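Please look through the chain shown here with the sequence beside it, and keep both in view while reading. The paragraphs below go from one region to the next.

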Amino acid sequence: MMISSEVKYIPAFLKPEKIEKDAWALIISGKQILLWKADNQLRIPEINELKDTISIDGDMVYIGRYDGHACYCKKIDDLQTLTENLKAVELREITVQTGDPGLFILAGTANHILHWNSVNQYCGYCGHKTADKKDERAKICPNCGYTVYPRISPATITAVFHKDKILLAHNKNFKKDLYSLIAGYVEPGETLEQCVVREIREEVGIKVKNMKYFGSQPWPFPDSLMMAFTAEYESGEIEVDNFEITDAAWYSADNLPEIPNTDSVAGKMIRWYRDQMNKMSN
Ligand SMILES: [Zn+2]
């Protein structure tokens, strides 16, 4: 299995000449996004549906097209002024709320770009106010010329196998009883493979071998790119770090604990493993 490459969302920087009639507005506040409710269905609102509720001014950021719709995003301070057609939902629940898994990356990208916008209002080098660069997605300092591009933080996530079992761990930041794969940020000077080995050694104390690339997925909360690997157990006993990971164990496909949903690469990989095992036993 590869991570789905079916593409509804095409990221882009250059805005269409004018705002099209069916253009969408991704309005984000904190961890929530505004959805439009019509015929008992929730979807991304069109810009023209919001004009009486939210000021849609020139500062909306264009992020590309989804299913043909030009997509603009904007951050607002609070979502208090909702009408009966407008509902604020958790960004991470957008798939559940709308039934469209493609919207997860679209809304996440809006979150990523808006976050980057907010934290780069001033030059990190000389402190002067930055300006948007005209020809590409970047901020430029009119004083010293320093240019900042959207940051993407690479991280690895690994499915470790031992015979027919998979290693799953509980992170202290997870909700109770949820188990997932081992993940962590790549450090400066490190290859992806070295990151896989280090994270697994640090968090659960075992050594792995035979890493194979599996696929990748943006994880824009706020700016990661997850690179997924599989690996085989080599040696050692599971010993959790009790810092990030509070419990870890080998699980068989027919006895999995609660796992992440399919919006995350971890959720996709664990289900891929389960499907492979089911095929083999049939
Ligand atoms: Zn500067």
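What follows is a walk through a predicted model, taking up its strands, its aromatic rings and its pocket in turn.

A convenient place to begin is strand S2, which covers residues 24-29. Of its 6 residues, 6 are buried, so the strand is largely enclosed by the rest of the structure. The covering applies to both faces, since Trp24, Leu26 and Ile28 are buried on one side, while Ala25, Ile27 and Ser29 are buried on the other. With strand S6, S2 runs parallel, and the two are joined by 5 bridges; within this pairing, Ala25 has Tyr72 of S6 as its bridge partner. S2 also pairs with strand S3 (residues 32-38), here in the antiparallel sense and over 2 bridges, with Ile28 standing opposite Ile33 of S3. The hairpin made by S2 and S3 has 2 residues between the strands, and in it Gly30 takes a positive phi near 60°.

The aromatic rings offer a second way through the model, in which 12 aromatic pairs are counted. One of these is formed by Tyr62 and Tyr72, whose ring centres are 5.3 Å apart and whose planes make an angle of 55°, an arrangement classed as tilted. This pair links distant parts of the chain, with Tyr62 in strand S5 (residues 61-66) and Tyr72 in strand S6 (residues 69-75), 10 residues apart. Both Tyr62 and Tyr72 are buried. Tyr233 and Trp250 have ring centres 5.6 Å apart, and because their planes stand at 90°, beyond the 60 degrees that marks the class, the pair is edge-to-face. This pair, too, links distant parts of the chain: Tyr233 belongs to strand S15 (residues 224-235) and Trp250 to strand S16 (residues 245-251), 17 residues apart. Tyr233 counts as buried because its relative accessibility is 18%, and the limit for that class is under 20%. Elsewhere, Phe161, Phe214, Trp272 and Tyr273 form one aromatic cluster.

Rings also meet charged side chains in this model. The charged end of Arg92 sits over the ring of Phe221, at 4.5 Å from the ring centre, and the charged end of Lys129 sits over the ring of Tyr122, at 5.3 Å from the centre of that ring.

Arg92 and Phe221 appear again in the largest pocket, where they are listed with Phe174, Trp219 and Ser264 as the residues that lie nearest the pocket centre, out of 42 lining residues. The volume of this pocket is about 1400 Å³. Several elements each supply at least two residues of its lining, namely helix H3 (102-119), strand S11 (153-162), strand S12 (165-171), strand S13 (182-185), S15 and helix H5 (265-281). Sorted by class, the lining holds 22 nonpolar, 10 polar and 10 charged residues.

The last stop is an open sheet of 3 strands, arranged in the order S8-S9-S10 with antiparallel pairing. Strand S8 (131-132) and strand S10 (147-148) stand at the edges, and because each has a single partner strand, one side of each is left without a neighbour in the sheet. S8 is paired with strand S9 (residues 139-140) over 2 bridges in the antiparallel sense, and in this pairing Ala131 has Ile140 of S9 as its bridge partner.

Key: Residues numbered from 1 in each chain as written. Predicted model: local features only at pLDDT ≥ 70, side-chain atom pairs only at ≥ 80, totals over all residues. Heavy atoms only, no water. Phe/Tyr/Trp six-rings, centres within 6.5 Å; stacked < 30°, edge-to-face > 60°. Helix = DSSP H or I, 4+ residues; strand = E, 2+ residues; numbered from the N terminus. Buried < 20%, exposed > 50% of the residue type's maximum accessible area, 1.4 Å probe, protein only. Lys NZ or Arg CZ within 6 Å of the ring centre and 35° of its normal. Pairing = 2+ DSSP bridges. 1 Å grid on protein atoms, 1.4 Å probe; cavity = no way out; pocket = protein on both sides within 12 Å on 5 of 7 lines; lining within 4 Å. Points joined across faces, edges and corners; volume = space filled by probe spheres on them. Nonpolar A, V, L, I, M, F, W, Y, C, P; charged D, E, K, R; others polar.
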